[in-house]
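Colleague: I am new to this structure and would be glad of a close look at one part of it. Could you take me through the salt bridges and the parts of the chain that hold them?

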Amino acid sequence: MASKIGKIWNFIGHYKYLIVVIIGVAVVGVLDENSFIQRVKYEMQISDLKAEIAKYDKTFQSDSRRLKELKNNPKEIEKIAREQYFMKADDEDIFVLSTDLQQEDDHETAK
């Protein structure tokens with residue numbers, strides 16, 4: 001038993017710098033909170049967030065232009081009210097044409 005411990009101690013003493021380097025690389029590369037793997041994950045997350053920021057910035061610019069257009073042109077407000085909310089003037093009638101029933105009939109005849 002003592003000879004086995006002596007051999008192990010001799011091996012550790014002979015390769016102590018290599019063992020320390022391997023343990024250090026393992027800690028820095030894998031085990032640590034600031035490891036290389038975590039750094040790669042953070043970089044991927046940052047790139048995803050930057051893409052999301054770019055998307056929202058584009059949406060913001062588009063909405064800002066639309067809002068400016070609505071503030072300057074009352075006809076645009078009327079257009080939105082008519083198209084999206086089916087509002088009408090007092091002297092008009094609105095007919096909403098839908099293809100939903102036609103699509104349902106097509107599906108039933110196909111069966």
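Modeller: I will begin with one pair of side chains, Glu69 and Arg66, which form a salt bridge whose closest N and O atoms are 3.6 Å apart. This is a predicted model, and what follows should be read with that in mind. Both Glu69 and Arg66 belong to helix 3, which covers residues 36–72, and they sit three residues apart, about one turn of the helix. In general, an α-helix has 3.6 residues a turn, so residues three or four places apart point the same way. As for their surroundings, Glu69 is partly exposed, with a relative accessible area of 37%, and Arg66 likewise counts as partly exposed, at 35% relative accessibility.

Arg66 also has a second partner, for its side chain meets that of Glu76 in a salt bridge with an N to O distance of 3.2 Å. Here the pair ties together parts that are ten residues apart in sequence, because Glu76 lies in helix 4 (residues 74–85) while Arg66 lies in helix 3. The side chains of Glu76 and Arg66 are also joined by a polar contact of 3.2 Å. Glu76 is buried, since its relative accessible area is 13% and the cut-off for buried is under 20%. Taken together, Arg66, Glu69 and Glu76 are linked in a network of salt bridges, and the count of salt bridges comes to two. As a general point, side chains of opposite charge can pair when their charged atoms come close.

If we now look around Glu76 and leave aside its neighbours within four places in sequence, we find this residue in contact with Arg66, Glu69 and Leu70. Glu76 therefore touches both of the other members of the network, Arg66 and Glu69.

The helix that carries Glu76 deserves a look of its own. Helix 4 has twelve residues, which at 1.5 Å a residue should span 16 Å, and the end C-alpha atoms are indeed 16 Å apart, so the two values agree. Within helix 4 the residues Glu76, Ile80 and Ala81 are buried. Viewed down the axis of helix 4, the buried residues fall within an arc of 140°, and so they line one face of the helix. These buried residues of helix 4 pack against helix 3, whereas Pro74, Lys75 and Glu83, on the other side of helix 4, are exposed. Just after helix 4 comes Phe86, which takes a positive phi of about 55°.

To place this part within the whole, the protein has five helices and zero strands, and from the N terminus on its elements run α-α-α-α-α. Of the 111 residues in the protein, 5% are buried, and Glu76 is one of the buried residues. The accessible surface of the protein comes to about 10900 Å², and carbon and sulfur atoms account for 61% of that surface.

Terms used. Residues numbered from 1 in each chain as written. Predicted model: local features only at pLDDT ≥ 70, side-chain atom pairs only at ≥ 80, totals over all residues. Heavy atoms only, no water. Salt bridge = Lys/Arg side-chain N within 4 Å of Asp/Glu carboxyl O. Helix = DSSP H or I, 4+ residues; strand = E, 2+ residues; numbered from the N terminus. Buried < 20%, exposed > 50% of the residue type's maximum accessible area, 1.4 Å probe, protein only. Polar contact = N/O pair within 3.5 Å; in protein donor to acceptor, adjacent residues only side chain to side chain. Contact = heavy atoms within 4.5 Å. Expected span 1.5 Å × (residues − 1). Arc of directions from axis to C-beta. Areas by Shrake-Rupley, 256 points an atom, 1.4 Å probe, with all protein chains shown as cover.
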